[in-house]
Amino acid sequence: IKESLDKLPTGLCFYNDNGRVILLNTVMSELSHKIFGEDLQNASLFWEKLQKGESSLDSINIKTGEDPSVILEDGKVWSFSNTKLKNMYQLVAIDVTELSKINEELILRNEELTEMNARLRKYGESVDELTRTRERIETKANIHRELGQALLVTKRYLLDETDKIEPPF
C-alpha cells in the first residue's frame, strides 16, 4: 500500500485525532520539507500552520483558511484539503500549477474585457449623442428649407402682379 501511495502524483497523509501520522506518502513528506523545512510529525499542527499561512522562506501562501494553497520556490502551486473520515483525517495536496496559470490568464483577460467594455460603453454614448445631433441638424435643415421655399413663393407672389389674387379681406 505504501509503495502504491508513493507513486501517486498527489500528496497524501492519514492521521488520527491527536495529529499522529498513520500513513504518509513521499510527495506529502517532500512538501512538508519544502514548506516548513521539517518532517511531518504532527499532521494537525501541519494543517493549522497551512491554514494560518505560516511557512518557511521557500514558499509563498497564496490562499489561507479552509483550502490553503502554496506556491513553492520551483513555481509549483499546491492546494491542500483536509477531510474527516470515520476515525481519522485525510490530508491531500494536489498540484494545481496549470489551473493556477489558467486562472491568472483568465483574470488578465477579464481585466482586458472590462476595459474594452468601458470603451464600448463610452463609444455607445458618443454614438447616441452623435445621432441626436444629426437628427437636430436634419430637423433644422428641413425647417430652413421649408422657410426658404415659403419665402421664395411669397417673393414670387409679391413680384408677379398678374398672378396676384386679392386677399379676401
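How many of the residues of β1 are buried? Five of its five, so to speak a full house: β1 is mostly covered. Before going further, keep in mind that this is a predicted model.

Let's stay with β1 for a moment. The cover is found on both faces of the strand. On one side sit G11, C13 and Y15, on the other L12 and F14, and all of these are buried. What does β1 pair with? One partner is β6, which runs antiparallel to β1 and is joined to it by five bridges. If you want a spot to look at, find L12, which stands opposite V92 in β6. Another partner is strand β2, residues 21-24, again antiparallel, with three bridges to β1. Here F14 has L23 of β2 as its bridge partner. β1 and β2 make a hairpin with five residues between the strands, and in this hairpin G19 takes a positive phi near 95°.

Now for the inside of the protein. In soluble globular proteins, nonpolar side chains tend to be buried together. In this model, the largest nonpolar core has 19 residues. The residues with the most contacts inside this core are C13, M28, L31, I35, F46, L50 and F80. Several elements feed into the core: β1 (11-15), α2 (26-36), α3 (43-52), β4 (69-72), β5 (77-84) and β6 (89-95) each supply at least two residues. Which of them gives the most? That is α2, with five residues. You have already met C13, one of the residues on the buried faces of β1, and C13 turns up again among the core residues with the most contacts.

F46 is a good place to see how such a core is put together. Setting aside its neighbours within four places in sequence, F46 is in contact with M28, S32, F36, L40, F80 and L91. Two of those names, M28 and F80, are also on the list of residues with the most contacts inside the core.

Next, follow the chain to β4 and β5. These two strands pair in the antiparallel sense over three bridges, and one of the pairings sets I71 against V77 in β5. Together β4 and β5 form a hairpin with four residues between them. In the turn, G75 has a positive phi of about 95°.

The loop of this hairpin has links to other parts of the chain. K34 forms a salt bridge with D74, with the closest N and O atoms 4.0 Å apart. K34 lies in helix α2 and D74 in the loop between β4 and β5, so the salt bridge ties together parts that are 40 residues apart in sequence. Are these two residues buried, exposed or something in between? K34 is partly exposed, at a relative accessible area of 36%, and D74 is partly exposed too, at 48%.

The loop also holds K76, whose side chain meets that of D95 in a salt bridge of 3.9 Å, N to O. Because D95 lies in strand β6 and K76 in the loop between β4 and β5, this pair ties together parts 19 residues apart in sequence. D95 is partly exposed at 34% relative accessible area, and K76 likewise at 37%. There is a further contact here: T97, in helix α4, touches G75, K76 and V77, not counting residues up to four places away in sequence. T97 counts as buried, because its relative accessibility is 11% and buried means under 20%.

That brings us to helix α4, which covers residues 97-159. Along this helix, the side chains of R132 and E129 meet in a salt bridge, 2.9 Å from N to O. R132 and E129 are three residues apart, about one turn of the helix. R132 is partly exposed at 42%, and E129 at 36%. R136 joins in as well: E129, R132 and R136 are linked in a network of salt bridges. Across the whole structure, a search finds eight salt bridges.

Helix α4 also has a nonpolar side to show. L99, which lies in this helix, forms a nonpolar surface patch of about 300 Å² with I102 and L106. Is L99 buried or exposed? L99 is exposed, with a relative accessible area of 57%.

Notes
Residues numbered from 1 in each chain as written. Predicted model: local features only at pLDDT ≥ 70, side-chain atom pairs only at ≥ 80, totals over all residues. Heavy atoms only, no water. Patch = residues over 30% accessible without salt bridge, like charges linked within 9 Å, V, L, I, M, F, W, Y side chains within 5 Å. Areas by Shrake-Rupley, 256 points an atom, 1.4 Å probe, with all protein chains shown as cover. Buried < 20%, exposed > 50% of the residue type's maximum accessible area, 1.4 Å probe, protein only. Core = buried A, V, L, I, M, F, W, Y, C linked by side-chain atoms within 4.5 Å. Contact = heavy atoms within 4.5 Å. Pairing = 2+ DSSP bridges.
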